[in-house]
Amino acid sequence: MNIYISNLSFKVDSNDLQQLFQPFGEVQSAQVIKDKYTGRSKGFGFVEMQDDEAAQTAIKELHQAEYDGKVINVSEARPREERPRNNNNRNFKNNNNGGYNRNKNNNRW
């Protein structure tokens, strides 16, 4: 079962998450999600546990528990939803809506 953990302290890393969930059963993976540009934690992560019963116990015991000075939220992870790309003129290269050379063909000077 995949478990979602939010409201994590920015100091918490993947090893900390693994150690937090280890007492409830075997942890297959634990990952704190980080910003790809800064490398800083985004304050949430995922833990995967093989045994669903152990995962449910961990969720029950750790939800709203204080960890590293913050009250964390723990729940079963939902599948990621596919979101359509938003291409509403985000590419400003060729939209001819103004700018320095707006009147290329109308040389006023």
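## What lines the pocket

By class, how many nonpolar, polar and charged residues does the lining of the largest pocket have? There are six nonpolar, two polar and four charged residues in that lining. Please keep in mind as you look around that this is a predicted model.

The largest pocket holds about 320 Å³ of space. Its lining includes Asn2, Tyr4, Ile33, Phe44 and Phe46. The run Ser75, Glu76, Ala77, Arg78, Pro79, Arg80 and Glu81 also lines the largest pocket. Three elements give two or more residues to this lining: strand E1 (2-6), strand E3 (41-49) and strand E6 (73-76).

## The strands behind it

Let us turn to how these strands are put together. Strands E1 and E3 are antiparallel partners, paired over five bridges. One position to find on screen is Tyr4, whose bridge partner in E3 is Phe46.

E1 also pairs with E6, again in the antiparallel sense, and here four bridges join the two strands. In this pairing, Ser6 has Asn73 of E6 as its bridge partner.

## A cluster of rings

The structure holds three aromatic pairs. One of them is formed by Tyr4 and Phe44, a tilted pair with 5.9 Å from centre to centre and 45° between the planes. This pair links distant parts of the chain, with Tyr4 in strand E1 and Phe44 in strand E3, 40 residues apart.

Tyr4 forms a tilted pair with Phe46 as well, at 5.5 Å centre to centre and with 50° between the planes. Here too distant parts of the chain are linked: Tyr4 in strand E1 and Phe46 in strand E3 are 42 residues apart. Ring pairs thus link Tyr4, Phe44 and Phe46 into a cluster, and these three residues are also found in the lining of the largest pocket.

Why do the rings of this cluster count as partly exposed? Partly exposed covers the range between under 20% (buried) and over 50% (exposed). Tyr4 counts as partly exposed because its relative accessible area is 29%. Phe44 falls in that class because its relative accessibility is 23%, and Phe46 does so because its relative accessible area is 28%.

## Charges over Phe10

Another ring worth a look is that of Phe10. Which charged ends sit over the ring of Phe10? The charged end of Arg40 does, 4.1 Å from the ring centre. The charged end of Lys70 sits over the ring of Phe10 too, with 5.8 Å to its centre.

Key. Residues numbered from 1 in each chain as written. Predicted model: local features only at pLDDT ≥ 70, side-chain atom pairs only at ≥ 80, totals over all residues. Heavy atoms only, no water. 1 Å grid on protein atoms, 1.4 Å probe; cavity = no way out; pocket = protein on both sides within 12 Å on 5 of 7 lines; lining within 4 Å. Points joined across faces, edges and corners; volume = space filled by probe spheres on them. Nonpolar A, V, L, I, M, F, W, Y, C, P; charged D, E, K, R; others polar. Pairing = 2+ DSSP bridges. Phe/Tyr/Trp six-rings, centres within 6.5 Å; stacked < 30°, edge-to-face > 60°. Buried < 20%, exposed > 50% of the residue type's maximum accessible area, 1.4 Å probe, protein only. Lys NZ or Arg CZ within 6 Å of the ring centre and 35° of its normal.
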